[in-house]
Amino acid sequence: MRNETLHSEETPASLADFRPEPGTAVHRLGTLVDKYGRHVTYVRLSITDRCDFRCTYCMAEEMTFLPRSEVMSLEESLRVAETFVGLGVTKLRLTGGEPLVRKNVMWLIERLGALPGLDNLVLTTNGSQLDRFAAPLKAAGVKRLNISLDTLDGERFRQITRIGDLNKVIRGIEAATQAGFRRTKLNTVMMRGVNDHEFVDLVRFAIDRGLDISFIEEMPLGEIQGRSTTYISSEDALSILARHFDLRPSDENSGGPARYWRMPGCDTRVGFISPHSHNFCDSCNRVRITAKGELYPCLGHNDALNLLPVLRKGSEADLRQAIMDSMGIKPFGHDFTHQMNNPQVIRFMSMTGG
Ligand code: SAM
Ligand code: SF4
């Protein structure tokens, strides 16, 4: 548990305060290393803040989306990705908003899939568009999919997403398997009194389809009422599941923040992403790029570096330098509290890219 060991006082107030010393560990050999010695090899790239759902924990009911001129073009997103790969990044997750509602998204994905040095192109989706996209995504070289699924009840699904159709998502999950995706992972945001009575059924659903499943503690991102009443910890969820499944802790690591449990005789992994109760900052290897080109070194902090002006006016060397400099503002960690009605981070998850 590292929540109490935040070192924010060591973080420079702004990028202007940070100038890496020549020859320090920071980005030696053209790699990205922050001042705590963590190598950044993983980028989550949001390609839109828009979505065809309005999940209650992620967005306000009435959202204002970015004007198109402020969103990175697909060409700009590709340039950002290429520059990161040139700096040693090997894993890239496309996210959003809903990445598959971005117009011409396959143009970008086909190019990313063919990018030398990018070993692991993956995507997080709400599944609503997968019945038509699963096969092209597989053909373009996407390695794995994370699909969000919080409930198996159509009515509850509509309440949580405000507009989504559960059947369409289930068809999307099936299309992913038919297209040849393996180790597809379901992501379930845990909400007390909303879907906690379904955790067991969701795990059975995953087992029946040969999928993995990760349960996520809800994070206080963006101003949304009522969060602290629905918060449920990974420990509580684990004790619910342990009454039904023979869960054994596993030291597997998928390169992300999840901790996994296995069940004998079954291929499904049950993961927990616990930003509150088991802060995963020690081993953080990632940064996030929003749809408007801001580089967030940490999901739980408001410090960011705007790459868009550099992308639009600077040279390739400027872009590279800006990304390398961002290592100096990567804080040691986040510290979400359970007082979730007061968001510590003012962005919605759909803005930053989950
Ligand atoms: N639209 C896609 C989806 O839903 O999978 C990708 C973007 S979404 C922001 C990425 C992930 O963030 C989803 O699994 C979603 O459930 C999760 N998420 C959104 N808001 C969250 C919050 N406040 N706390 C925890 N997880 C959240
Ligand atoms: Fe859309 Fe994903 Fe946010 Fe739900 S969690 S509103 S599907 S971006």
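**Entry 1: serine 148**

I started with serine 148, which is partly exposed, with a relative accessible area of 24%. Buried would have required a value under 20%. I am working from a predicted model here. I placed serine 148 in strand β4, which runs over residues 144–148.

Next I asked which residues serine 148 touches, leaving out those up to four places away in sequence. My list came to Thr125, Asn126, Val169 and Asn187. I then checked the backbone for one of these: the C-alpha atoms of serine 148 and asparagine 126 are separated by 5.0 Å, although the two residues are 22 apart along the chain.

**Entry 2: ligand 1**

Serine 148 led me on to ligand 1, as it is among the residues that come nearest to that ligand. The others in that group are Tyr57, Gly97, Thr125 and Met219, out of 19 residues around the ligand. I looked at the make-up of the shell and noted 6 nonpolar, 9 polar and 4 charged residues.

Which atoms of the protein lie 3.1 Å from a nitrogen atom of ligand 1? I found a polar backbone atom of tyrosine 57 at that distance, and I wrote down a backbone N or O atom of glycine 97 at 3.1 Å as well. For glutamate 98 I noted a side-chain contact: an N or O atom there is 3.2 Å from a nitrogen atom of the ligand.

How much of the accessible area of ligand 1 does the protein cover? On its own the ligand has 540 Å², and the protein covers 96% of that. I also looked up which elements give two or more residues to the shell, and these are β3 (120–125), β5 (185–190) and β6 (212–217).

**Entry 3: ligand 2**

I turned to ligand 2 and listed the residues around it: Cys51, Phe53, Arg54, Cys55, Cys58, Met59, Gly97 and Asn126. Sorted by type, this shell has 5 nonpolar residues, 2 polar and 1 charged. Gly97 was already in my notes, as one of the residues that come nearest to ligand 1. Asn126 was there too, as a residue that serine 148 touches.

**Entry 4: helix α4**

I went to helix α4, residues 154–161, and found Arg156, Phe157, Ile160 and Thr161 buried. Why do I say that the buried residues line one face of the helix? Seen down the axis of α4, they fall within an arc of 120 degrees, so one face is what they line. The spacing fits a general rule: an α-helix has 3.6 residues a turn, so residues three or four places apart point the same way.

On the other side of α4 I noted Glu155 and Gln159 as exposed. I also checked what covers the buried residues, and α5 (166–178) is included in the cover.

Then I looked at both ends of α4. At its start, a side-chain oxygen of aspartate 153 reaches to within 2.9 Å of the backbone nitrogen of glutamate 155. Just after the helix, arginine 162 takes a positive phi of about 70 degrees.

**Entry 5: serine 46 and the whole protein**

For a second serine I picked serine 46, in strand β1 (residues 42–46). Serine 46 is buried, at a relative accessible area of 1%. Its side chain reaches the backbone oxygen of threonine 48 at 3.2 Å.

I closed with totals. The protein has 11 helices and 12 strands, and 57% of its 354 residues are buried. About 14,700 Å² is exposed, with carbon and sulfur atoms supplying 50% of it.

Technical notes:
Residues are numbered from 1 along each chain as its sequence is written. Chains are lettered from A and ligands numbered from 1 in the order in which they are written. This is a predicted model: local features need pLDDT of at least 70, side-chain atom pairs count only at pLDDT 80 or more; totals for chains, interfaces and linings use all residues. Side-chain values use heavy atoms; hydrogens and water are left out. A residue is near a molecule or strand if one of its heavy atoms lies within 4 Å of it. A polar contact is a pair of N or O atoms within 3.5 Å; within protein, one must be able to donate a hydrogen and the other to accept it, and residues adjacent in sequence count only if both atoms are side-chain atoms. Accessible areas come from the Shrake-Rupley method with a 1.4 Å probe; for residues, only the protein chains shown count as cover. Helices (H or I, at least four residues) and strands (E, at least two) are DSSP runs, numbered from the N terminus. Ala, Val, Leu, Ile, Met, Phe, Trp, Tyr, Cys and Pro count as nonpolar, Asp, Glu, Lys and Arg as charged, and the others, Gly among them, as polar. Buried means under 20% relative accessible area, exposed over 50%, partly exposed in between (1.4 Å probe, protein chains only). The arc is that of the directions from the helix axis to the C-beta atoms. Contact means heavy atoms within 4.5 Å.
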